[in-house]
Structures are given as structure tokens and as C-alpha cells.
Amino acid sequence: MANLESEAGELTVYELGFLVLPSIPEDKLSNVTDAVRKIISAAGGTEIDAEAPIKKTLAYSMSKTIGASRYVVSDAYLGWTKFEVDKANVPIIKAGVEKMEEILRFLLIKAPRETTFTFAKARTAMAIETTTSEDAEAEITPAKLSESIEK
Amino acid sequence: MRKQNYFKEHKIKHIDYKDVETLKKFLTPHARIQSRKRSGTPAKFERELALAIKRARFLGLLPYVSR
């Protein structure tokens, strides 16, 4: 393992996507994101970008066991945060998030520095698409129809 | 005829696992990943796409199986 030394001290950009249990009230979601942020900063990470969790219907039901009780859920809050941290400290973050009871599931991956996709962007893109298709439909009906009839 | 490259056309440099609407375009009705023969995606993008779909499946954004 010759390159172990060179790896230390190098900062890498990671993205943590996480699902929060739907039983948590919406006004307390910020507590969960703050807790995640604390874990990251405790491991020496600096946040680059993040988006607040939003409710999503899951494609299949998942379960989480807390103590003796097992919760089966079919929807959850999906949030993500992007941060820069030393490679060596990633296991600390992973262990920290694993211990959080509010987190149903999480995904810790390497990511590019620039953010190309956000839920907000996707929502506006969807809105534009629907309005343009509505406009296209509307364009045909009132004025043009009467013109074409006159002709 | 050369098939189109969706990602180059839409200027998507990085295929994000959260971009479910885009990923859905590359699934069959059974929620399996479309073959390259069907989708016409270049090998490089196909690899990225497959990884993104698998990540989305893990987080419950896309199904593993359907129907």
C-alpha cells in the first residue's frame, strides 16, 4: 500500500443522500439536517451545498428496526448534502449517520464539486414543461380557430 | 443511422441519481435498465446511467421490479 500516505490530507467531495422517517413532523426536519451537519463538521468536513428534505413516495416499502419495534414505511423525506472532507474521516461520518434513529437509509458517494441537479430546478423545469404544453393547446383554440373558420 | 445521445443533447454532464424523471426514460415497463440497442446510449454514458439507476433504486426512488 504505497499510496496510503499520499491519500492522507487530500480533500474529496462527497454527497450524502438520506431518507428521513415520515413519522418525524415536518417542522422538526431541520433538527435532523442539523444533526447530520454536525456529524460532518465534527469529522472536519465543510459543506458545499445542500437541499432541505422533501417528501417522496418510495417505489417499494422499506423497514427500519429501532430497538424492538420494526417500522415499515412507504414514503419518506429525501434530503442531500454535499461536502468536502479528508478521505480518512469518511468512516467517522458513515458510522455517525448509521447511528441516527431518524434516518431510514442513506447513500454516501463521491460526487463532482458543481451541483447539476436540485429538486427545485427539477420542479421549475417540470412546471415550464406543463405550461408550455398548455400554451400550445391554448394557442390552437380561440383566435386561430375563428380565423381558420373565416378562411 | 447513428442513434441519438440523450445526455449530450440535453447537456447533462453528470447523471444524478436524484434525477428520477430522466432515469425513468431508460427503464423498460418491467423497470429493468434498457439495453443499449434500445436506448442508443454510448458506452460511457451507459455505465454512468446504470450506476445512477442502481443508486436511485437503493434509495427507493426507482423500483427494482415492476408488474
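How many residues does helix α2 of chain A have, and how far does α2(A) reach from its first C-alpha to its last? Helix α2(A) runs over residues 29-42, so to speak a stretch of 14 residues, and reaches 20 Å, close to the 20 Å expected at 1.5 Å a residue. (That expected span is 1.5 Å times one less than the number of residues; helices, H or I of at least four residues, and strands, E of at least two, are DSSP runs numbered from the N terminus.)

A quick note before we go on: this is a predicted model, where local features need pLDDT of at least 70, side-chain atom pairs count only at pLDDT 80 or more, and totals for chains, interfaces and linings use all residues. Residues are numbered from 1 along each chain as its sequence is written, while chains are lettered from A and ligands numbered from 1 in the order in which they are written.

Now look at the two faces of α2(A). Its buried residues (20 or more other C-beta atoms within 10 Å of their own, C-beta atoms being placed from the backbone) are A:V32, A:V36 and A:I40. They sit on the same side of α2(A) because they cover an arc of only 80° around the axis, judged by the directions from the helix axis to the C-beta atoms. The face turned away carries A:S30, A:N31, A:D34, A:K38 and A:A42, which are exposed (12 or fewer such atoms; in between is partly exposed). Among what covers the buried residues are β1 (11-20) and α3 (90-99) of chain A. Just after α2(A), A:G44 takes a positive phi of about 85°.

Methods:
Two residues are in contact if their C-beta atoms, placed from the backbone, lie within 7 Å.
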